[in-house]
Structures are given as structure tokens and as C-alpha cells.
Amino acid sequence: MPRRSYDQYCAVARALDAVGDRWTLLIVRELLGGPRRYSDLHADLPGVSTDMLATRLKDMERDGLLTRRRLARPAASVYDLTPRGRALLPALTALADWGAPALAERRPTDAVRAHWFAVPLMTRLARHFAGEPVRVLDIVLDEGTFHLVLDPTDPHYADGPAPHPDAVLRMDTATCTALAEDRLTLTEALTAGRAARTDPDEHPGAALAPG
């Protein structure tokens with residue numbers, strides 16, 4: 001069944017035809033971290049129904065935003081963004097910048113996953129490490145660990161620690177939120193003791209023990 005369209009000869013309207021539906025951009029957020037199974041997506045999109053998620057994935061596949069690859073059993077299938085889907089990162093970064101002030105108060109019903117901070121942090125930390133040879137960075141929060149790849153030509157992130165990070169940052173969620181909102185710089189957080197940096201070369205094995 002064809003999807004509804006704004007039927008406007010306008011770039012914004014055309015974009016919203018493809019990504020304006022509820023959950024679509026959050027699915028993109030998840031897949032920017034790499035290929036995911038349906039069950040993984042459902043687990044990290046609390047509140048989405050199985051029917052809605054299946055519908056959105058089919059819509060996004062049809063619109064050329066993602067591909068579905070079948071794997072050997074028992075892994076079943078994984079979903080991965082196409083280059084067109086990955087090109088949405090700047091749009092998500094702009095939305096994250098615009099929405100960050102709304103993180104000032106965490107509601108009791110709010111779910112949280114560590115890697116949800118990845119998109120707003122990428123630009124902040126790329127700016128901080130611009131003068132250093134740091135490209136792969138582990139971020140360790142109470143909620144979990146994710147890593148950023150601060151590559152100017154292909155910035156991306158993934159859940160879990162990197163195999164060989166250049167540095168590891170540990171902080172609490174409140175500090176990470178302040179960094180995401182750009183209310184706090186990493187230099188200020190490190191100076192105040194709100195964040196701690198470990199260089200794996202100085203402390204072998206530190207990157208493998210994110211607890």
C-alpha cells in the first residue's frame with residue numbers, strides 16, 4: 001500500500017515523505033551504530049510495537065534507507081543503513097543539538113541507553129580532540145559503554161567498547177548530558193573531576209575493563 005505523501009515539490013516535504021513518520025529517525029539512530037537484528041532494535045526502542053517496527057523497517061527498505069541481510073541460523077537477519085540512510089547523520093546531529101536543552105530534567109518514565117548520547121557527543125568530542133591523534137574513543141557510563149570513531153570523513157559510533165581505543169572516558173550520566181547540551185566542555189569536566197580519561201598505552205588493559 002503506498003505511503004501518504006505531502007505531494008509538495010519541496011525538498012523538505014520530500015525528506016519528510018521518507019523519514020517523517022514516527023520511529024523512523026530513531027531507527028536510523030540505532031542503525032548508525034552498525035547492523036542490528038530485529039530483536040536488538042526492538043529492545044533499544046522501548047515503546048515501539050512489533051507491528052509498528054516491522055512496518056517502519058519495510059518502509060525504510062523500500063525507500064532505500066536500509067537493507068536487510070539474511071545470515072546463517074540462528075542469527076536470522078540483520079538490518080543495515082545504506083549510504084543514503086547514513087547520510088542522515090548530519091540531520092540527526094542538528095536535531096540532537098536542537099533537542100539537547102530538553103534533557104535538563106529526566107522524567108521518571110524516561111528510558112535511557114548509553115549509546116543514545118553518541119550522536120550529540122561526536123561533534124563536541126571531535127572538537128576537543130582536534131589537536132590530538134585520538135580517533136577511537138570509549139565512553140563508559142553507568143548505563144553501559146559505547147565507542148565513537150572521530151573520523152572527519154566517516155564519523156560513526158557503535159555499542160560496546162572498541163577493540164583498540166585511543167582513549168577511554170568515564171563519567172556519570174549527568175556529566176554526559178551536560179556535555180551533550182554543550183553546557184560543559186570536556187576540559188572543564190576533566191578539571192573538575194566529573195570525568196576521567198585513561199590512555200590505554202599508559203594503563204594496559206584499562207579499555208577492557210569498563211566497569
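Modeller: Two strands count as paired if DSSP finds at least two bridges between them. With that in hand, we may read the sheets of this predicted model.

Biologist: In what order do the five strands of the open sheet stand, and what is their pairing?

Modeller: The order is 6-5-4-7-8, and the pairing in this open sheet of five strands is mixed. Strand 6 (156-159) and strand 8 (195-198) are the edge strands, each pairing on one side only. From one strand to the next, the twist averages 20 degrees.

Biologist: How should I read the pairing of strand 4 with strand 5, and over how many bridges does it extend?

Modeller: Strands of a sheet pair through backbone hydrogen bonds, in a parallel or an antiparallel sense. Here strand 4 (residues 136-141) and strand 5 (residues 144-149) are antiparallel, with six bridges. Within this pair, leucine 141 lies opposite glycine 144 of strand 5.

Biologist: In which sense do strand 5 and strand 6 pair?

Modeller: They too are paired in the antiparallel sense, over four bridges. Histidine 147 has alanine 158, in strand 6, as its bridge partner. The two strands, 5 and 6, make a hairpin, with six residues between them.

Biologist: Which strands does helix 7 lie across?

Modeller: Helix 7 (residues 118-128) crosses strand 4, strand 5, strand 6 and strand 7 (167-171), and it runs at about 50 degrees to strand 5.

Biologist: Let us turn to the other open sheet. What is the order of its three strands?

Modeller: The order is 1-3-2, and the pairing is antiparallel. Strand 1 (36-37) and strand 2 (66-70) each have a single partner strand, so one side of each is left without a neighbour in the sheet. Strand 2 is joined to strand 3 (residues 77-81) by five bridges, the two running antiparallel. There, leucine 66 faces leucine 81 of strand 3. Helix 2 (residues 24-31) packs on this sheet and touches strand 1, strand 2 and strand 3; its direction is at about 100 degrees to that of strand 3.

Biologist: Which residues make the nonpolar surface patch?

Modeller: Tyr6, Val12 and Leu16 make this patch, of about 310 Å². Tyrosine 6 belongs to the segment before helix 1 (11-19).

Biologist: What is the mean pLDDT of the protein chain?

Modeller: The mean is 90, and 93% of the residues reach 70 or more. Over residues 203-211, however, the pLDDT is below 50; this stretch has twelve contacts in the model beyond near neighbours in sequence. Where pLDDT is low, predicted coordinates should not be read in detail.

Definitions and conventions: Residues are numbered from 1 along each chain as its sequence is written. This is a predicted model: local features need pLDDT of at least 70, side-chain atom pairs count only at pLDDT 80 or more; totals for chains, interfaces and linings use all residues. Side-chain values use heavy atoms; hydrogens and water are left out. pLDDT is the predictor's confidence in each residue, from 0 to 100. Contact means heavy atoms within 4.5 Å. Axes are lines fitted to C-alpha atoms, for helices over the stretch in contact, and angles run from 0 to 180 degrees between N-to-C directions. Patches are made of residues with over 30% relative accessible area and no salt bridge: like charges are joined within 9 Å, nonpolar side chains (Val, Leu, Ile, Met, Phe, Trp, Tyr) within 5 Å. Accessible areas come from the Shrake-Rupley method with a 1.4 Å probe; for residues, only the protein chains shown count as cover. A salt bridge is a side-chain nitrogen of Lys or Arg within 4 Å of a carboxyl oxygen of Asp or Glu.
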